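Student: Can we go hunting for empty space inside this protein?
Tutor: Sure, let's pull it up.

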Amino acid sequence: MRLIIVVGIAASLTLCGTALGQQEFPIKPIRILAGAAGGSSDLSTRLIAQGLTSSIGQQVIVDSRPTVLIRDIVMKSPPDGYTLLLAANSFYLGPLVQPMSYDPVKDFAPVTIAIRTPSIFVVHPSLPVKNVKEIIALAKAKPGRLNYASGAPGSSYHIGMELFKSMAGVDIVRVPYKGGGPALIDVLAGQVEMMFVTPASGSSHIKSGKLRPLGITSEQPSPLFPGMPTVASQGLLGFEQSSKVGIYAPAKTPAAIINRLNQEIVQVLNRADIKEKFREMGLDPAGSTPQEFATVMKSEMARIGKLIKDTGMRIEE
């Protein structure tokens, strides 16, 4: 009888200790690593960090560094929820295109999709097309003679256009750049004919007439660009390509901590003032469960993995 009582007390203490540990998180500042200071990733992280700081009672610090460094720092950090990564879906699609030093599935734990933002398919005004059907017709009439600008391999600019080429059955030559900024500069100058841009980077140029929009890449029309038709509605049924910026923790972070982080971050993303600030930046705040995020990653990696295999996009070092 005494043994049963002792065991029962021990079990109760263990459960209490576990519950207490969960309630105590976080007990110190949280660090979110993002891309270079001043970029959209950095600004997005700062919005989320400000909201979290006020809701969890601990300071949330934004640490902006080069992308290669932040992945390694988070991957090698203790799995305790105090070091997080904010990255676009090129983080898990990039390794499909070229070898990387990390495995996005084995080395990281998804917390939530923070932002889901479509691209806009734009052309230089000198190109005699006004919609998706016309660019497809022109590309088929001039196979291999049109070109597009894209950022790094596996970036949304690169993947999106290759997906378009595959579904439309056209041959458009890729002109690679180190990032979306330099690519956009050359499209604006007319040195390259087209590309996919974010609403944030392309909006002012579209309004000024320096770029001509052909369609938005979301599955449904987007509130970021009211009235703009989707690419899918112009003859490419099922076409969808959007940047999904997510938050990750190191692999093996306890589920209780992942769920607490998810709950707090999603609450911040759902705040009306935060949504308004994101949309002013040309970004669409999302919010998902960790399980939904993992499903999106798996689905996109399978779909884009097939595209990469079919088109020979993979780059070997």
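The questions below deal with the cavities of this predicted model.

Student: How many cavities of 30 Å³ or more are there?
Tutor: Remember that a cavity here is space where a 1.4 Å probe fits but cannot get out. Keeping those of 30 Å³ or more, the count comes to 2.

Student: Which helices each supply at least two residues of the lining of the largest cavity?
Tutor: Start with the space itself, which is about 70 Å³. Its lining includes Ser156, Ile159 and Leu163, along with Glu300, Arg303 and Ile304. Match those numbers to the helix ranges, 156–168 and 290–311, and you land on helix 6 and helix 11.

Student: How many charged residues are in that lining of the largest cavity?
Tutor: Glu and Arg count as charged. Run through the lining and you'll meet Glu240, Glu300 and Arg303. Next to 4 nonpolar and 5 polar residues, the charged ones number 3.

Student: Okay, on to the second largest cavity. Which helix gives the most to its lining?
Tutor: This one holds about 30 Å³ of space. Two helices, helix 2 (40–56) and helix 9 (255–269), each supply at least two lining residues. Among the lining residues, Leu52 and Ile56 fit the range of helix 2, while Arg260, Leu261 and Glu264 fit that of helix 9. With 3 residues, the top contributor is helix 9.

Student: And how many polar residues does the lining of the second largest cavity have?
Tutor: Phe25, Pro26, Leu52, Ile56 and Leu261 are in the nonpolar class. Arg260 and Glu264 are in the charged one. That split is 5 nonpolar and 2 charged, and for polar the tally is no residues.

Methods:
Residues are numbered from 1 along each chain as its sequence is written. This is a predicted model: local features need pLDDT of at least 70, side-chain atom pairs count only at pLDDT 80 or more; totals for chains, interfaces and linings use all residues. Side-chain values use heavy atoms; hydrogens and water are left out. On a 1 Å grid over the protein atoms alone, a cavity is a set of points where a 1.4 Å probe fits but cannot get out, and a pocket is an open set with protein on both sides within 12 Å along at least five of seven lines; lining residues have an atom within 4 Å of a point. Grid points are joined across faces, edges and corners, and a volume is the space filled by probe spheres set on the points. Helices (H or I, at least four residues) and strands (E, at least two) are DSSP runs, numbered from the N terminus.
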